[in-house]
Amino acid sequence: LSSPLSCLFTMLVLILLGLALMAVDPSDEQELKLLRGNCPMFWYSYGDRCYKYVATPMTWGNAELHCVSQNANLVSVHSVEEEAFVKMLIQNFDPAEAPTWIGLSDAQEEGGWLWSDGTKVDFQAWDLAQPDNQKIENCGHTNHGINKKWNDYPCTHTYSFVCKSRQNCS
Ligand SMILES: [Ca+2]
Ligand SMILES: [Ca+2]
């Protein structure tokens with residue numbers, strides 16, 4: 001290659017390398033790590049909220065009350081990334097990935113799914129053929145079946161659960 005051409009080629013390589021590095025910006029990898037950040041002891045940071053896995057099985061209602069007692073609600077999930085973070089948090093404490101309550105319920109209006117923290121239902125990860133309200137099922141859990149996705153189930157069943165802080169913790 002002549003000198004100007006090789007210079008152009010080198011620049012092109014550097015630009016492509018730069019683009020490749022931008023694609024793996026560290027901020028995009030945050031959901032892959034369990035970090036306490038500025039969260040209290042036993043809580044973990046994702047975005048500007050703190051999350052806590054509670055292993056003690058409770059009914060959905062008691063789980064929500066437990067979260068509320070700690071200025072939190074049962075977790076609401078708003079993206080594929082947040083869903084991956086919540087599942088990773090659960091797996092960290094429960095390698096078996098057992099069913100775990102999240103903040104979804106349709107107890108007020110059958111089929112009218114609401115998050116207990118009042119946020120909009122703008123993302124859903126229901127398992128195949130769910131929700132089916134099979135046994136009057138008005139509460140939502142994750143880690144259902146082999147797909148480990150969401151299912152509706154009777155609220156009186158006791159499961160472990162995940163709380164999500166209400167206020168910005170960062
Ligand atoms: Ca239902
Ligand atoms: Ca169901």
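Asp106 is buried, with just 1% of relative accessible area; buried here means under 20%, exposed over 50% and partly exposed in between, using a 1.4 Å probe and protein chains only. The model is predicted, so local features need pLDDT of at least 70 and side-chain atom pairs count only at pLDDT 80 or more, while totals for chains, interfaces and linings use all residues. Residues are numbered from 1 along each chain as its sequence is written, chains are lettered from A and ligands numbered from 1 in the order in which they are written, and side-chain values use heavy atoms, with hydrogens and water left out.

Asp106 belongs to the site of the calcium ion (ligand 1). The protein donors there are Asp106 (OD, twice), Glu110 (OE, twice), Asn133 (OD1), Glu137 (O) and Asn138 (OD1), at 2.4 to 2.8 Å from the ion. Donors are N, O and S atoms within 2.8 Å of the metal, or 3.2 Å for Na, K and Ca; water is not among the atoms, so sites may look incomplete. Along the chain, the ligand 1 donors are spaced as D-x3-E-x22-N-x3-E-N. Asp106 sits in the loop between strand E4 (100-105) and E5, and Asn133 in the loop between E5 and E6, so this pair ties together parts 27 residues apart in sequence. Strands (E, at least two residues) and helices (H or I, at least four) are DSSP runs numbered from the N terminus. Asn133 is partly exposed, at 24% relative accessibility.

Next comes the calcium ion (ligand 2). Its protein donors are Gln130 (OE1), Asp132 (OD), Glu137 (OE), Asn151 (OD1) and Asp152 (both O and OD), lying 2.2 to 2.5 Å away. The six donor atoms subtend angles of 65 to 149 degrees, so the arrangement is irregular; six donors count as octahedral if opposite ones are over 155 degrees apart and all others between 65 and 115, four as square planar on those terms, four as tetrahedral if all angles lie between 85 and 135 degrees, and anything else is irregular. Gln130, in the loop between E5 (114-115) and E6 (139-144), and Asn151, in E7 (residues 149-153), link distant parts of the chain, 21 residues apart. Gln130 is buried at 15% relative accessible area, and Asn151 is buried too, at 4%.

As for the strands, five of the six residues of E6 are buried. E4 and E6 pair antiparallel over three bridges, pairing meaning that DSSP finds at least two bridges between two strands. Trp101 has His141 in E6 as its bridge partner. Four bridges join E6 to E7, also antiparallel, with Gly140 partnered by Asp152 in E7.
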